[in-house]
Amino acid sequence: MSENKKEPSVLQGFKAFLMRGNVVDLAVAVVIGAAFTNIVNAVVKGIINPLVGAFGTKNLDSYSSCLKGPCTGTGDAATGVRILWGSVLGATLTFVITAAVVYFLMVLPMSRYLARQEERRKAREGAHEVIEVTELEVLKEIRDALVAQRGAGHNEP
């Protein structure tokens with residue numbers, strides 16, 4: 001007994017996967033994120049690094065501490081063991097700036113917008129309920145008047 005159930009092909013499954021809304025949203029988010037990274041890097045290199053450079057050097061990567069000396073030279077000729085805390089500081093600043101920009105320019109305005117939309121929707125529903133209650137009261141009054149008229153009609157001989 002073989003059943004003739006036709007399973008969807010791999011190509012059909014792939015097409016269904018691609019047509020889901022969240023896949024397209026994720027693709028857009030990745031592209032926007034990649035473009036946004038360039039902006040954040042420019043802010044760090046153009047504003048943050050010069051501000052730090054006012055107190056030391058513009059290149060945060062040059063900040064380091066010697067763990068096991070003697071620490072001399074740079075690049076492949078470097079000796080000793082260095083902790084490159086300047087690189088970590090630069091990456092941390094980039095992350096904090098990125099998070100702040102995303103929150104204040106994207107998340108916060110969007111959440112406020114969605115909250116206003118929800119308030120408007122609730123206000124519309126509330127007004128609709130008031131109208132329905134009023135209409136229901138009017139219908140009850142009409143029903144009561146009709147019942148009263150019928151009752152008055154049946155009582156007359």
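## Asp-144 and its partner

Is Asp-144 buried, partly exposed or exposed? In this predicted model, Asp-144 has a relative accessibility of 42%, so it counts as partly exposed.

Asp-144 is also one half of a salt bridge: its partner is Arg-143, and the closest N and O atoms of the two are 3.1 Å apart. Arg-143 is partly exposed as well, with a relative accessible area of 48%.

## A network around Arg-121

Let's turn to the rest of the charged pairs. A search of the whole structure turns up three salt bridges. Through shared partners, Glu-118, Arg-121 and Glu-125 are joined into one network.

Arg-121 pairs with Glu-118, where the closest N and O atoms lie 2.3 Å apart. Arg-121 also pairs with Glu-125, and here the closest N and O atoms are 2.5 Å apart.

## Where the network sits

Helix 3, which covers residues 85-155, holds both Arg-121 and Glu-118. These two are three residues apart, about one turn of the helix. Glu-125 shares helix 3 with Arg-121 at a spacing of four residues, again about one turn.

How exposed are the members of this network? Arg-121 has 32% relative accessibility and therefore counts as partly exposed. Glu-118 is partly exposed too, with a relative accessible area of 32%, and Glu-125 is partly exposed at 38%.

Definitions and conventions
Residues are numbered from 1 along each chain as its sequence is written. This is a predicted model: local features need pLDDT of at least 70, side-chain atom pairs count only at pLDDT 80 or more; totals for chains, interfaces and linings use all residues. Side-chain values use heavy atoms; hydrogens and water are left out. A salt bridge is a side-chain nitrogen of Lys or Arg within 4 Å of a carboxyl oxygen of Asp or Glu. Buried means under 20% relative accessible area, exposed over 50%, partly exposed in between (1.4 Å probe, protein chains only).
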